[in-house]
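Subject: Structure handover and notes

Dear colleague,

I am handing over the structure below, and my notes on it follow. Please read them with the coordinates open beside you.

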Amino acid sequence: MHTPSTPTPLPEHTIASPVGTTLERYIMQKQIEFPYATGELSQLLRDIALAGKIINREVNRAGLAGITGAYGQQNVQGEDQQQLDVVANIRFIRALRNGGQACAVLSEEEDDIIHTGNDHGKYVVAIDPLDGSSNINVNVSIGTIFSIYRRVTTVGSKATREDFLQGGRQQVAAGYILYGSSTMLVYTTGHGVAGFTYEPSLGEFFLSHPDITIPQDGSTFSCNEGYWFEYPECVRTYLMDCKRQRFAGRYVGSLVADYHRNLFTGGIYLYPPTGKNPEGKLRLLYECYPLAFLIEQAGGKALADGGPVLDVVPTDFHQRAPIFIGSPAMVTAYQACADEPVLPTTATTA
Ligand code: AHG
Ligand code: MN
Ligand code: MN
């Protein structure tokens, strides 16, 4: 009689699954937790993830597809557009148009809001389709940032300015996609922060970081020190203090990449007012607000000029704001420098 032999166990690495919950499943699970959810926001998040996959593909093959380099035009803010800025903008808007849940989109690359034709969509989306333009052509990490509001105008009508100028605290979801050594999507719907890593061979985002919280304190500061002589005195005082403590300076020059690193390791990102950009450089609606919403959800802090970023009153689509964002203890330490009264300089006589 044949006695079955004990099967040889497969080597662990051949069966151990590196992946578990897909973004798709995660979104569904979260939706079930909210009994009145209609599924439209869930669908919109899926559309954004799809846009992210498409942009990821374009970013990955950009050097071969001949879409690196300048586009030859400037955006409404007078910045030179790169070809990939334009491609990402088109791809993102197309994905939202096809998805049907967003009635309008505000993009860094467009002067005015874009109506998607889905006037019955309940949401509007503000996006920085490609963040870190100066790094596109040198194969350094770049990103996408998004912010979602429920529209305040009547469903079925055309979206208006009011839908976008609601204020940071009205965001219903926000997040970013980082095209880095791996591609990640990190987002919040106001109930904590979750991170997903893209598995390119399967074409899926998988939950890799279920509950992201930023370290309370850190020892990394991220800013462009080339503007040192243009920074307000309080910023220089704070940075000197960082240096006295031998903190590390880390600045990629792609906001998403710098922010992402500090979110995980602790740190502060600063873009103060400068001579060239007296209001700061970063745009309130599609850079500062979404990242501020997300950092607060992760236990961090984001300040603009004298108060929380989320409380800055929006007046224009492309308005800029200074930003000091990251680990709460570091942002509070900066705030202490900013609150310090400026002492009058004592005149010295010869
Ligand atoms: P964008 O590419 O969307 O215009 O944003 C660029 C931003 C941000 O990503 C980065 O942190 C910052 O500009 C860099 O500015 P500096 O070169 O002035 O440091
Ligand atoms: Mn940007
Ligand atoms: Mn951009």
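A residue is called buried here when its relative accessible area is under 20%, and exposed when that area is over 50%. Please keep in mind throughout that this is a predicted model.

By that cut-off, helix α8 is mostly covered, with twelve of its 14 residues buried. The buried residues include Glu-287, Leu-291, Leu-294 and Ile-295, and these four residues are also the ones that α8 contributes to its contact with helix α7. Just after α8, Gly-299 has a positive phi of about 90 degrees.

Helix α7 is likewise mostly covered, since eight of its eleven residues count as buried under the 20% cut-off. Among them are Leu-255, Tyr-259 and Leu-263, and Gly-266, just after α7, takes a positive phi of about 90 degrees.

How do these two helices pack? The axes of α7 (residues 255-265) and α8 (residues 284-297) come within 12 Å and cross at roughly 10 degrees. Because angles under 35 degrees count as roughly parallel, α7 is described as roughly parallel to α8. The crossing of the two is right-handed. On the α7 side the contact is made by Leu-255, Tyr-259 and Leu-263, and on the α8 side by Glu-287, Leu-291, Leu-294 and Ile-295. Sorted by class, the contact has six nonpolar residues, no polar ones and one charged residue.

Glu-287 also leads to the metal ions, as it is one of the residues that coordinate the manganese ion (ligand 2), together with Asp-128 and Asp-131. The donor atoms there are OD of the two aspartates and OE of Glu-287, at 1.9 to 2.1 Å, and the spacing of the donor residues in sequence is D-x2-D-x155-E. Both Asp-128 and Asp-131 are buried.

The manganese ion (ligand 3) lies 3.8 Å from the manganese ion (ligand 2), and Asp-128 coordinates both. For ligand 3 the coordinating atoms are OE of Glu-108, OD of Asp-128 and O of Leu-130, at 2.1 to 2.2 Å, and the donors follow the spacing E-x19-D-x1-L along the chain. The pair Glu-108 and Leu-130 links distant parts of the chain, with Glu-108 in the loop between β3 (102-107) and β4 (114-115), and Leu-130, 22 residues apart from it, in strand β5 (residues 123-131). Glu-108 has a relative accessible area of 5% and is therefore buried, and Leu-130, at 1%, is buried as well.

A second helix pair is found earlier in the chain numbering, where the axes of α2 (residues 23-33) and α3 (residues 40-65) come within 10 Å and cross at roughly 160 degrees. Because angles over 145 degrees count as roughly antiparallel, α2 and α3 are described as roughly antiparallel to each other. This crossing, too, is right-handed. Leu-23, Glu-24, Ile-27, Met-28 and Gln-31 of α2 make the contact with Ser-42, Leu-45, Arg-46 and Ala-49 of α3, and by class these residues divide into five nonpolar, two polar and two charged.

Thr-220 may also be worth a look, and it is found in strand β11 (residues 220-222). Thr-220 counts as buried because its relative accessibility is 11%. Leaving aside residues up to four places away in sequence, Thr-220 touches Ala-248, Arg-250, Arg-261, Asn-262, Gly-266, Gly-267, Ile-268 and Met-330. Of these, Met-330 is 110 residues from Thr-220 along the chain, while the C-alpha atoms of the two are separated by 9.3 Å.

Finally, there are two backbone details to check. Asn-139 has a phi near 60 degrees, a positive value in a residue other than glycine, and lies in the loop between β5 and β6 (142-150). At 75% relative accessibility, Asn-139 counts as exposed. Arg-246, which is not a glycine either, has a positive phi of about 60 degrees and lies in the loop between α6 (233-244) and β12 (248-249). Arg-246 is exposed too, with a relative accessible area of 70%.

With best regards

Technical notes: Residues are numbered from 1 along each chain as its sequence is written. Chains are lettered from A and ligands numbered from 1 in the order in which they are written. This is a predicted model: local features need pLDDT of at least 70, side-chain atom pairs count only at pLDDT 80 or more; totals for chains, interfaces and linings use all residues. Side-chain values use heavy atoms; hydrogens and water are left out. Axes are lines fitted to C-alpha atoms, for helices over the stretch in contact, and angles run from 0 to 180 degrees between N-to-C directions. Angles under 35 degrees count as roughly parallel, over 145 as roughly antiparallel, 65 to 115 as roughly perpendicular and the rest as oblique. A crossing is left-handed if the near helix is turned anticlockwise from the far one by less than a right angle, and right-handed if clockwise. Contact means heavy atoms within 4.5 Å. Ala, Val, Leu, Ile, Met, Phe, Trp, Tyr, Cys and Pro count as nonpolar, Asp, Glu, Lys and Arg as charged, and the others, Gly among them, as polar. Donors are N, O and S atoms within 2.8 Å of the metal (3.2 Å for Na, K and Ca); water is not among the atoms, so sites may look incomplete. Buried means under 20% relative accessible area, exposed over 50%, partly exposed in between (1.4 Å probe, protein chains only).
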